[in-house]
Amino acid sequence: MILARMHTAVGSIFHPVIACLLALTVLTTRASAAEPTPPPSFPANAERSPLTSYFVHPTRVVWTSGAGVVNTDTLLKARTGQAALIEKLPPLVLPPGQGIVLDFGVELAGSIELFTPPQKPKKPAHVRVRFGESVAEAMAELGERGAQNDHALRDLRVQLPWLGKTTVGPSGFRFVRIDNPDPDTEVRLSQVRAVATLRDIPYLGSFKSSSPRLDAIWATGAYTVHLNMQDYLWDGIKRDRLVWVGDMMPEVAVINAVFGHNDVVPRSLDLSRDITPPGKWMNDIGSYSMWWILLHETWYQHHGDLADLRTQQPRLADLLRRLDARVGADGRENINGMRFLDWPTYGDKAAVHEGLQALLTMTMDAGARLADTLDDPESARLARATAERLRLHRPASGGRKAAAALSVLAGLADAKEISRSILQKNGPSDLSTFYGYFVLEALAQAGDIDVALDFISRYWGGMLDQGATTFWEDFDLNWTKNAGRIDELVPPGKADLHGDFGAHCYIGFRHSLCHGWAGGPTAWLSRHILGISPAAPGFAQVRIEPRLGSLTWAEGTYPTPRGLIRVRHERQPDGTIRSAVSLPPGVKRVP
């Protein structure tokens, strides 16, 4: 099964995500390994879903409302998944007005199924179901501190059948509260289970090191992105069940490092292209059209699909012309519409300008290279000339880490100086889970590997310390001061880590605790610690440049179109690194 394969790939990591995945009783809906085909009677337009369903049973009862709630242990036992006239175990009983909160052990994308036994009289029963990514969210009322039903219904009332099964969802959740809202009708449930939906794909990439904490962070980032690989590549499984092109950049980096080629990426890029009218920016955000270009370059470098790249040429050429028109004669960008980098810098005009100047420079450089590959000399000349013009204008740095990191990556600022004066200042503060990835990239360019490892351990690891099994839409270490964990009822006198914080579009419980853009450390660790990156499209050539920092060893795998690259790096007593490298046929290592 897929979760077992995941564990094999990532190794024995003693971390809540892996422990929960191993502990879950997961039953696949597939009858065989053969490729399923629709029945002959299906309509000709029937399509096979790219997703597979898994049944997941609750792991613990977090809370009950009172002594009248009995037989709660029944729900923790793996059952048949079939309503039956005769039940071996007594059903859960929820008297009028009573409720229960269940923990499924790990964040899931999907629904829950409620099974009802026969009972007399045959009076319809109702339940109220509240999904939560934290215990506190599962307990919250709609409208309370941002609790909402946007994108997916997470708080709803349903009628239960007599002797049957009811499916409720989908949403993104770990916790579920079930209440009996009827004043005079008892609710009985014989079984409750989750139906998790995700792509049945192996974890081809892997990472293990002398730091179990970093190993756990790598695995958590991989799982966070995996959950968001639904019909399309989403940014969140509760809220933001949408394709956001810029948000895809860290996600795609993780997919490249963990899963290899997957059609969810080109499908999502093509969707964004096709639904965006001419003259509009993708997602109505200028920087997101830039990320679309940068994503195509990284995707081509990893997978070498020239035929797919050729289909992008008309939109690529159009975007390069439109972006060129937003650069003044003095080289200053003036991107119109929503000017956005990440949420912490939103509204900081100086930081946004600094970041967009750098991002547009990176985009034009990439556009020129792509145009060369596509034999489009006109677009290549335009992109190079625009990049040169952009370099005439060097915005003064406002001291924000996101913008400064992009300036480093664009070659507009000295990596070591920016690392010393801005990126390292006050440690892992002024980070976002989105642009934190690019801060890590800039630190690597400065050679500050140990600083980056410290940021990963303290910032992303800080979410794990609070009970996270996936990484969040945003995070600030200051939130954790005197705050309760997300997997427990908030203790008296403690802040609610989920409900009491957040800003912009993610206030309180509206905050997504499984956001794909937060998985960047997974890709970073594979790229910089294992040291693996393509040196030619489709990994015809590879560079392997491990940088262990303070780690004593690291090993892992990296998927390519030609097979798995396997490496193990060990620090020797004299400080040098000894590497064992296995390359698949057709991949050449270059300096």
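## A mixed three-stranded sheet

In this predicted model, strands E14 and E15, the latter covering residues 541–544, pair in the antiparallel sense over three bridges. Within that pairing, Ser-533 stands opposite Arg-543 of E15.

The two strands belong to an open sheet of three strands, which runs in the order E14-E15-E19 and has mixed pairing. Its edges are formed by strand E14 (532–534) and strand E19 (588–589), each of which pairs on one side only.

## Aromatic pairs and a ring cluster

Across the whole structure, a search finds 21 aromatic pairs. One of them joins Trp-291 and Phe-438, whose ring centres are 5.0 Å apart and whose planes meet at 20 degrees, so the pair counts as stacked, given that planes under 30 degrees apart are classed in this way. The contact links distant parts of the chain, since Trp-291 lies in helix H7 (residues 286–303) and Phe-438 in helix H14 (residues 436–445), with the two positions 147 residues apart in numbering. Both Trp-291 and Phe-438 are buried.

Phe-438 also forms an edge-to-face pair with Phe-434, at 6.2 Å centre to centre and with 65 degrees between the planes; Phe-434, like Phe-438, is buried. These residues are part of a cluster in which ring pairs link Trp-291, Phe-434, Tyr-435, Tyr-437, Phe-438 and Trp-517.

## Arginines over aromatic rings

Two arginine contacts with rings can be described alongside these pairs. The charged end of Arg-193 sits over the ring of Phe-55, at 3.5 Å from the ring centre, while Arg-322 lies over the face of Trp-281, 3.9 Å from the centre of that ring.

Key: Residues are numbered from 1 along each chain as its sequence is written. This is a predicted model: local features need pLDDT of at least 70, side-chain atom pairs count only at pLDDT 80 or more; totals for chains, interfaces and linings use all residues. Side-chain values use heavy atoms; hydrogens and water are left out. Rings of Phe, Tyr and Trp (its six-membered ring) pair if their centres lie within 6.5 Å; planes under 30 degrees apart count as stacked, over 60 as edge-to-face and the rest as tilted. Helices (H or I, at least four residues) and strands (E, at least two) are DSSP runs, numbered from the N terminus. Buried means under 20% relative accessible area, exposed over 50%, partly exposed in between (1.4 Å probe, protein chains only). A charge sits over a ring if NZ of Lys or CZ of Arg is within 6 Å of the ring centre and within 35 degrees of the ring normal. Two strands pair if DSSP finds at least two bridges between them.
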